[in-house]
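Reader: Please show me the model, and then justify the terms that you apply to it.

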Amino acid sequence: MLRKQTWCHFLASLALASSASAQIEVDWWNAYDLPESYDGDSVTYAVVVKSNGGVIAAARTSFLESARFVRYGPSGAVIGSVLAPVPHIFSKGLLAPADKAYFAGVPRFPGPGFRLVKLSSGGAILWDRAIPAATSLGQPVEALLDANGGVALIGVDQAAGGRTLVRGFTPAGVATYSYDVQLGPASEALGEAVLDGNGDIILVGSADTRATIAAFDTSSGQIEWQVFDSGALGLGAKYVALARGANGEIAVAGASTLAGSSDVRVSTLDASGAVLWSVALDAGANTAETVTDIEYSSDGALWVSGHTFASGQTTSFFLRFPRGSSVPARFIWGAPQTKQLFAAGPGQMWALAEIAAPFSAPEVGAFQVDFNGSISVPFGALVDLGGSEKLLVCAARGPGQTFVVGGRSGETPGGLGFFDPISMVAKFDFSDAPREYCQAQVNSAGCVPVLSCSGRASVSSTQPFTIRFSDVISAAAGLYFYGATGASSTPFLGGLKCVASPVSRSPLIIAGSSGPAPCQGELAIDWNAFARGQLGGAPAPELSVPGTAIYLQCWSRDGASAFGTNLSSALQYVVLP
């Protein structure tokens with residue numbers, strides 16, 4: 001199913017959400033002009049968020065050529081900076097133990113290779129290492145904390161047809177391993193890299209005209225397994241994004257080459273590299289489609305974001321693949337350009353995007369993406385609504401439900417403008433967004449109930465806030481019990497009671513059919529409607545008090561279990577105006 005949200009409709013919904021919702025807020029934003037720059041022209045290329053919410057950002061100016069590591073305090077104030085040893089584009093940041101930080105970069109012009117720098121929690125340079133290679137502007141570089149507590153740098157040396165370099169260092173900067181990995185006969189390109197549960201490095205990218213994914217063992221220097229993908233028509237493919245599921249499943253996304261264009265290519269593999277399914281599909285445009293990210297949500301669904309460009313307009317798309325399925329829901333999202341996805345509340349996604357209304361400056365925003373039978377983007381927040389030009393380049397997750405983004409801005413928060421934009425950092429706060437906690441009970445069929453929600457809990461909204469628990473026994477009776485005094489984790493009926501007493505309850509619900517056997521049941525409720533008294537029962541008054549934290553859990557009958565019941569995980573949310 002393909003759905004489309006027009007740009008005008010999106011702006012209208014955003015304006016409504018900005019005045020009514022605190023579920024996504026801009027905590028702060030700031031901009032920094034490097035001392036070496038000439039009237040701006042600088043960019044934040046990577047950010048690392050410390051445990052106290054402070055930020056270390058890698059910024060660079062093109063004139064005069066220089067790079068700095070800039071420190072922002074938890075409230076966004078610039079508290080210092082240090083000149084980088086080389087004017088590289090440090091596009092990868094990595095939080096190390098004790099709030100230290102690693103940054104990996106490449107030179108702007110074809111040059112001497114990669115650089116890896118380690119900073120103290122106070123922003124001082126502890127060490128830096130040069131990794132010789134033939135590199136080019138915009139070339140990806142990855143840095144990972146490896147299984148031994150050290151750091152690995154991964155990048156492609158473009159000399160001699162290309163080879164992937166894997167270099168390891170201890171926390172003190174001592175070299176531990178150095179491998180030149182041949183992923184294909186020629187023209188290797190790196191998309192992304194992660195560490196798997198066994199300590200292997202999972203690499204995705206391309207080799208010659210084929211997409212490839214490989215698991216590399218840093219202890220032996222050997223490729224454990226590798227899969228090539230020539231695309232749906234055998235004309236070529238490339239992978240650019242990678243995600244790992246909770247069960248060790250791996251998902252990759254990129255492009256499958258067609259005659260004069262390309263389609264989105266998505267594949268999933270098990271932990272040993274066996275392909276589970278692979279599909280090429282049109283995400284909504286007849287031209288080339290660009291994938292920007294792939295991520296699993298907490299309910300096991302796989303999400304893909306990207307954008308197309310046609311008739312002078314950039315249009316974002318989202319794809320959502322249900323667990324185990326290669327058939328997605330599709331959604332075309334007006335004019336924004338989605339850059340990055342993060343798993344959000346139960347079954348939800350947060351999308352970080354650049355948006356630009358006709359005849360206005362680009363803006364940077366964060367948005368909630370829901371699925372309730374179809375994909376929607378109900379609301380979000382912008383860094384500086386109506387302000388000067390903002391561009392999104394990088395993002396990192398912070399403590400709690402926070403995100404920090406980096407890029408560039410045409411002015412400072414005080415309105416001081418620049419001829420060319422300067423480096424920018426902003427923090428989004430999702431603290432009032434729903435979150436899942438506590439451990440669900442395995443039912444008699446061997447299934448664990450899966451929590452998801454969509455919308456927002458609001459006393460003024462006429463839209464639903466839908467809560468559902470799937471993978472329950474088909475046709476089982478159930479209800480939700482809830483309270484406002486806090487969370488709990490008390491043994492109860494063979495599971496855990498996750499809501500502190502006293503508790504209230506919803507009316508009884510009969511599970512509808514959803515999903516594969518043997519756990520086809522789903523207990524769903526529009527919680528906003530229940531809170532307003534439209535579904536019967538006796539909703540507690542605190543459900544209609546903005547700012548109140550509510551804790552709820554689902555109980556359902558399971559006649560074949562030892563106690564005859566089943567308890568879900570729990571949901572915490574904040575009542576919004």
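Author: The exchange below takes up disulfides, salt bridges, burial and strands in turn. The model is predicted, so local features need pLDDT of at least 70 and side-chain atom pairs count only at pLDDT 80 or more, while totals for chains, interfaces and linings use all residues. Residues are numbered from 1 along each chain as its sequence is written, and side-chain values use heavy atoms, with hydrogens and water left out.

Reader: Why is the link of C438 and C498 called a disulfide?

Author: A disulfide is a pair of cysteine sulfur atoms within 2.5 Å. The sulfur atoms of C438 and C498 are 2.0 Å apart, so the pair meets the cut-off. With -70° about the S-S bond, this link is left-handed. C438 lies in the loop between β34 (435–437) and β35 (450–454), and C498 in strand β39 (residues 495–499), 60 residues apart. Strands here are DSSP runs of E with at least two residues, numbered from the N terminus.

Reader: What makes the disulfide of C447 and C519 right-handed?

Author: The torsion about its S-S bond is about 90°, and the disulfide is therefore right-handed. The sulfur atoms of C447 and C519 are 1.9 Å apart. C447 is in the loop between β34 and β35, and C519 is in the loop between β42 and β43, 72 residues apart. A search of the whole structure finds 2 disulfides, and with the bonded cysteines numbered in sequence order the pairing is 1-3, 2-4.

Reader: Why is C453 not counted as bonded to C554?

Author: The sulfur of C453 is 14 Å from the closest cysteine sulfur, that of C554, which is too far for a bond. For C554, the closest cysteine sulfur is in C498, at 12 Å, and that is also too far for a bond.

Reader: How do you know whether C438 and C498 are buried or exposed?

Author: Buried means under 20% relative accessible area, exposed over 50%, and partly exposed in between, with a 1.4 Å probe and protein chains only. C438 has 26% relative accessibility and therefore counts as partly exposed. C498, at 0%, counts as buried. In the other disulfide, C447 is buried at 15% and C519 is buried at 2%.

Reader: What makes the pair of E36 and R68 a salt bridge?

Author: A salt bridge requires a side-chain nitrogen of Lys or Arg within 4 Å of a carboxyl oxygen of Asp or Glu. For E36 and R68 the N to O distance is 2.7 Å, so the pair qualifies. E36 is in the loop between β2 (25–32) and β3 (42–49), and R68 is in strand β5 (residues 65–72), 32 residues away. At 22% relative accessibility E36 counts as partly exposed, whereas R68, at 14%, is buried.

Reader: Which residues are linked with D180 in a network of salt bridges?

Author: The network links D157, R163, R167 and D180. R163 and D180 meet at 2.0 Å, N to O, and R167 and D180 meet at 2.9 Å. R163 is in strand β13 (residues 163–169) and D180 in strand β14 (residues 175–181). D180 is partly exposed, with a relative accessible area of 43%, while R167 counts as buried at 14%. The structure holds 17 salt bridges.

Reader: Why is D293 called buried, and what is it in contact with?

Author: D293 has 9% relative accessibility and therefore counts as buried. Contact means heavy atoms within 4.5 Å. Leaving aside neighbours within four places in sequence, the contacts of D293 include W303, K339 and L341. The backbone nitrogen of L341 lies 2.8 Å from a polar atom of the D293 side chain. D293 belongs to strand β23 (residues 289–296).

Reader: Why are β27 and β30 said to stand at the edges of their sheet?

Author: The open sheet has 4 strands in the order β27-β28-β29-β30, with antiparallel pairing. Each of β27 (337–343) and β30 (375–382) has a single partner strand, so one side of each is left without a neighbour in the sheet.

Reader: How do you know that β28 and β29 pair?

Author: Two strands pair if DSSP finds at least two bridges between them. Between β28 (residues 349–355) and β29 (residues 363–371) there are 7 bridges, so the criterion is met. In β29, V364 is the bridge partner of E354.

Methods:
Polar contact = N/O pair within 3.5 Å; in protein donor to acceptor, adjacent residues only side chain to side chain.
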